[in-house]
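Please open the structure in your viewer and keep the selection tool at hand. The tour below moves from one selection to the next and says what is to be found at each stop.

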Amino acid sequence: MKTVPQGATRQLQSLAGGPVKRLLARWAGYIDPINRRAPELEGLSDYDLRKESLSLRYRARSGEPLSRLLVEAFALVREAGRRKRDMRHFEVQLLGGIAAHHGSIIEMQTGEGKTLTATLPMYLAALEGKGAHLATVNDYLAARDAELMGPVYQALGMSVGVIQSQMPQPARQEAYACDVTYGTANEMGFDFLRDRLLKRRISEGARDLFGEMLTGSVAQGEKPVQRDLHFMLVDEADSILIDEARTPLIISAAPGADEQIAAEAYQWAAAEAAGFEEDEHYGYDHKEKRVDLTLAGRRRVRALTKPDALDHIPLLEIYEYAERAIKVRREMILNRHYIVRDGEIVIVDEFTGRLAEGRKWRAGIHQAIEAQEGVEITFATNQAARITIQDLFLRYRRLAGMTGTASTSAPELRKIYKVHCLPIPTNRPPIRKQWPTLIFGTAQAKWRAIVEEILEVNRDGRPVLVGTRSIDKSETLSALLGEAGVEHTVLNARHVAKEAEIVSAAGQLGRVTVATNMAGRGTDIKLGDGVHDLGGLHVVCTELHESRRIDRQLIGRCGRQGDPGSYRQFLALDDEILLQGFGPKRSERLAARGKSAGDARLTGLEAMFTRAQQKVERRQFRERKVLLYHEKERQKMQRQMSQDPYLDTAG
């Protein structure tokens, strides 16, 4: 069983400096009292331990402040973890739990035990009997964490529920009625919207005598599944609160007759898009990512043969269908931005590499992609209800979060969600090594060098994890490794449960694993026998992502809990980040310079890549701020008109 490092409390209390360290130092004062409770609790029977918990619950429900119960509550959870899971919270985990209780986003490095840490603030919040929710990124992690930590809560008399997609309403109601509920942000958001629609249906029926007679069975048989939103702890907080917050959750109303006409327009535009030439038929704004037909392009649209259904659409709208189809053909790449699964388009989140289940692009982009891929065209234009992730979480009375990489987004999280980001010290000092960055002229030269490095590092059996930015690039590297005779596994976030199992074995002797940046995230990579002596896991970063957070998340897969490990960043002058950061003209000049360099390594250019990444981060932050501003203004206007901003949204 793990033991607590001696003197850790004094180290934590000696923290000094800025406001963050002063907060941590103040909260570290709780740790000695929690430690002193341990011998007494260890002597209690399971029955008496539960009685102690019931006593705390009574005090919390009688109005005693939770902060006054913190020491006793955390000591109980720590003892329950020791008994039921053979896991005793480290002092740094106690500190993380204290910070989360006080409404912070806590940054804990990979492998530091966020799943166990979460039990502390969740139990304390649940004592009030109003429900405590934990949102994570997929169904697998929600079910896994609820099952893993369930015995800890149950030992203290707490019930645990888990929300899964495709779960029937009665089961959802039961899960939300539990003291502690695990689920995904998406499912909780959609449940909020469905409840809102149900409440409106019931209230409208109650206002009308005949409506009450007709819908009485609905009001009695169907009830909202959620209680009031009380406490939310967000796992992988940066991913959910920032990356996934860009796309609203939408429940669509049934399509009308106009949708059939629109479907034919999308299909016609998709079929004709390839015939339009840049500069001749349309101009492309790289910064705004906008397509505008030229006069010649508009003439071409008018001259093309069209289905009869388009006679009902104004010419200006037909131009827009053509522009949308050209934009999708240029920008949206299969197996990078989306995949086709069971006849549906499923978005791949560019930041996380995960499948964004239940989400759709707006402004007709999703329908244009469906037409391009030849699948059934669906419509979200008639919205029954919508909510953004920001809105959902800001409705909770108390909000906290956990992640491995929050510090780079601290200003944004503080501005939008009014939460502090606090880095929690590691339990053991990290000894991860950074190898010098290698820069090449072309992607081909870079991929060849990556294969050579994998062969070299893996020769003695040292495991290697390679992170790629998209599914198509992971498949490109896989083909090169196959040609080189390297046995390897490819993960790309399509099968979450299976991938978590494979990622957990990525630290075993001789393993080579190629993964999109977030495949298997949330699963610890533990080193196999003999790997520690070989230098631990080696991580290969194949290019910079749009955010430093994603790069840090990948690097954090090695060197967990004081294990040895190393990583190296590979870059090329035709990497996407240069196009996104500097625009087409400069990126084309850099790519041409790269071609002339051949396979030679380049030096002195690393800062340029960092500048490009920072420009992309700043631009996306501005875009998110603008979206949030417009969303707030829309809601304000609708409230002034006595409308429900979640249900009365124009499509």
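Begin by selecting strand E17 (residues 464-468) together with strand E19 (residues 512-516), for these two run parallel and are joined by five bridges. Bear in mind throughout that this is a predicted model. At Thr468 of E17, look across to Thr516, which stands opposite in E19.

Next, add strand E20 (residues 537-541), which also runs parallel to E17 and is joined to it by four bridges. Here Val466 is the residue to pick out, since it stands opposite Val540 in E20.

Is E17 covered on one face or on both faces? Both are covered, with Val464, Val466 and Thr468 buried on one side and Leu465 and Gly467 buried on the other. Five of the five residues of E17 are buried, so the strand is largely enclosed by the rest of the structure.

Now clear the selection and turn to the largest nonpolar core, which has 56 residues, and in which Phe74, Tyr123, Leu127 and Leu233 are those with the most contacts. Helix H5 (residues 66-85) gives the largest share of this core, ten residues. If you then centre the view on Leu127 and leave aside residues up to four places away in sequence, you will find that Leu127 touches Ser53, Leu56, Arg57, Ala60, Arg61, Leu69, Ala73 and Met158. Another core, of 41 residues, lies apart from the largest one, and Ile105, Leu241, Ile389 and Leu392 are among its members.

The next stop concerns aromatic rings, of which the model has five pairs. Select Tyr153 and Tyr182, whose rings form an edge-to-face pair, 6.4 Å from centre to centre and with 65° between the planes. Because Tyr153 lies in helix H8 (residues 139-155) and Tyr182 in strand E4 (residues 180-184), this pair ties together parts that are 29 residues apart in sequence. Both of these tyrosines, Tyr153 and Tyr182, are buried.

Move on to Phe192 and Tyr646, where the ring centres are 5.4 Å apart and the planes stand at 90°, so this pair too is edge-to-face. Phe192 belongs to helix H10 (residues 185-206) and Tyr646 to the segment after helix H26 (606-640), so the parts tied together are 454 residues apart in sequence. Phe192 and Tyr646 are both buried.

Finish with two places where a charge meets a ring: the charged end of Arg330 sits over the ring of Tyr284, 3.8 Å from its centre, and the charged end of Arg586 sits over the ring of Phe582, 4.0 Å from its centre.

Key
Residues numbered from 1 in each chain as written. Predicted model: local features only at pLDDT ≥ 70, side-chain atom pairs only at ≥ 80, totals over all residues. Heavy atoms only, no water. Phe/Tyr/Trp six-rings, centres within 6.5 Å; stacked < 30°, edge-to-face > 60°. Buried < 20%, exposed > 50% of the residue type's maximum accessible area, 1.4 Å probe, protein only. Lys NZ or Arg CZ within 6 Å of the ring centre and 35° of its normal. Core = buried A, V, L, I, M, F, W, Y, C linked by side-chain atoms within 4.5 Å. Contact = heavy atoms within 4.5 Å. Pairing = 2+ DSSP bridges.
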